[in-house]
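Please work through the exercises below with the sequence and the 3D structure at hand. Each task is followed by a solution in steps.

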Amino acid sequence: DVCRKTRAGVKDKLFATTWKISMSRLIYKIGDQFPWLINAFADQHVKAMIHDTDRYFNNTDGIADQVRQILVDSILDCSKDCKVLLIGHSMGSIISYDTLFQLQQSEQDLMDSKPKLVDLFLTLGSPLGLKFTQDRLLGFSKTDKAQLPANIKAWHNVSARGDLVSVDTTLADDFALMKKEGLIDDIVDHTDDVFGWYKNLQGYNFHSSYGYLVEPTTSKLISDWWLEN
């Protein structure tokens, strides 16, 4: 059913903008400043995300080091012969960002001697706009360009209405220093008319990667990049 549709219908949009979801998004925004509220009000998707991020940020059993190394190897291998499109959904956007910063620090000579490693960084349903996340990113700073990755050519961020993980829908403001200092060509947020329609037996899940990948904004960004390269 997800792949049969080409865009969200009226019913899908109504569910994404109900007062219940709008109130939940507001609570999560407040909870980003007062984290104890999240455990009291979070739904199962947000709780699962928090659990995964805790394991990652605490580097439980070395899991963060392991997963970043896999991505490091893939990016370096792919960038030898072609341009790279890196897609990070949800927790994957955090891992991708940290990996790019890690590469920036460990491969500085390589960074200085060739084009940007990642031609397009595409984040979907990303929690990178949250203070909770930013406080735990590798080296993240809004005032020191040396603590930001400089190996991305362009960054596009897609946030769907009703997504309770990417409650801070815009990243261009949070990472504005990257553009100001010339570390990246552009950071663009896509939020205005982005609606998902994925649902399962539990109902709608506007954070689902399946929903994001078939959503017209995302699919056009990917197809346009593919045709250009």
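The exercises that follow concern a predicted model.

**Exercise 1. Overall composition**

Task: State how many helices and strands the protein holds, and what share of its residues is buried.

Solution:
- The protein contains 11 helices and six strands.
- Of its 229 residues, 47% are buried.
- The exposed area of the protein is about 12,000 Å², and 54% of it comes from carbon and sulfur atoms.
- For contacts between residues at least 6 apart in sequence, 78% connect residues at least 24 apart.

**Exercise 2. Helix H5**

Task: Compare the expected span of helix H5 with the distance between its end C-alpha atoms, and determine where its buried residues lie around the axis.

Solution:
- Helix H5 covers residues 63-78, which is 16 residues.
- At 1.5 Å a residue, H5 should span 22 Å; the end C-alpha atoms are 23 Å apart, which agrees.
- The residues of H5 that are buried are Ala64, Arg68, Leu71, Val72, Ile75 and Leu76.
- Viewed down the axis of H5, these buried residues fall within an arc of 130 degrees, so they line one face of the helix.
- The general background is that an α-helix has 3.6 residues a turn, so residues three or four places apart point the same way.

**Exercise 3. A salt bridge between two loops**

Task: Identify the parts of the chain that the salt bridge of Lys145 with Glu181 ties together.

Solution:
- In the salt bridge between Lys145 and Glu181, the closest N and O atoms are 3.8 Å apart.
- Lys145 belongs to the loop between helix H8 (131-134) and strand S3 (152-158), while Glu181 belongs to the loop between helix H9 (176-180) and strand S4 (186-190), so the pair ties together parts that are 36 residues apart in sequence.
- Lys145 has 43% relative accessibility and therefore counts as partly exposed.
- Glu181, at 35% relative accessibility, also counts as partly exposed.

**Exercise 4. A salt bridge within one helix**

Task: Locate the salt bridge of Lys220 and Asp224, and classify each residue as buried, partly exposed or exposed.

Solution:
- The structure has eight salt bridges, one of which joins the side chains of Lys220 and Asp224 at 2.6 Å, N to O.
- Both Lys220 and Asp224 lie in helix H11 (residues 216-228), four residues apart, or about one turn of the helix.
- The cut-off for exposed is over 50%; Lys220, at 51% relative accessibility, counts as exposed.
- Asp224 has a relative accessible area of 29% and is partly exposed.

Definitions and conventions
Residues are numbered from 1 along each chain as its sequence is written. This is a predicted model: local features need pLDDT of at least 70, side-chain atom pairs count only at pLDDT 80 or more; totals for chains, interfaces and linings use all residues. Side-chain values use heavy atoms; hydrogens and water are left out. The expected span of a helix is 1.5 Å times one less than its number of residues. Buried means under 20% relative accessible area, exposed over 50%, partly exposed in between (1.4 Å probe, protein chains only). The arc is that of the directions from the helix axis to the C-beta atoms. A salt bridge is a side-chain nitrogen of Lys or Arg within 4 Å of a carboxyl oxygen of Asp or Glu. Contact means heavy atoms within 4.5 Å. Accessible areas come from the Shrake-Rupley method with a 1.4 Å probe; for residues, only the protein chains shown count as cover.
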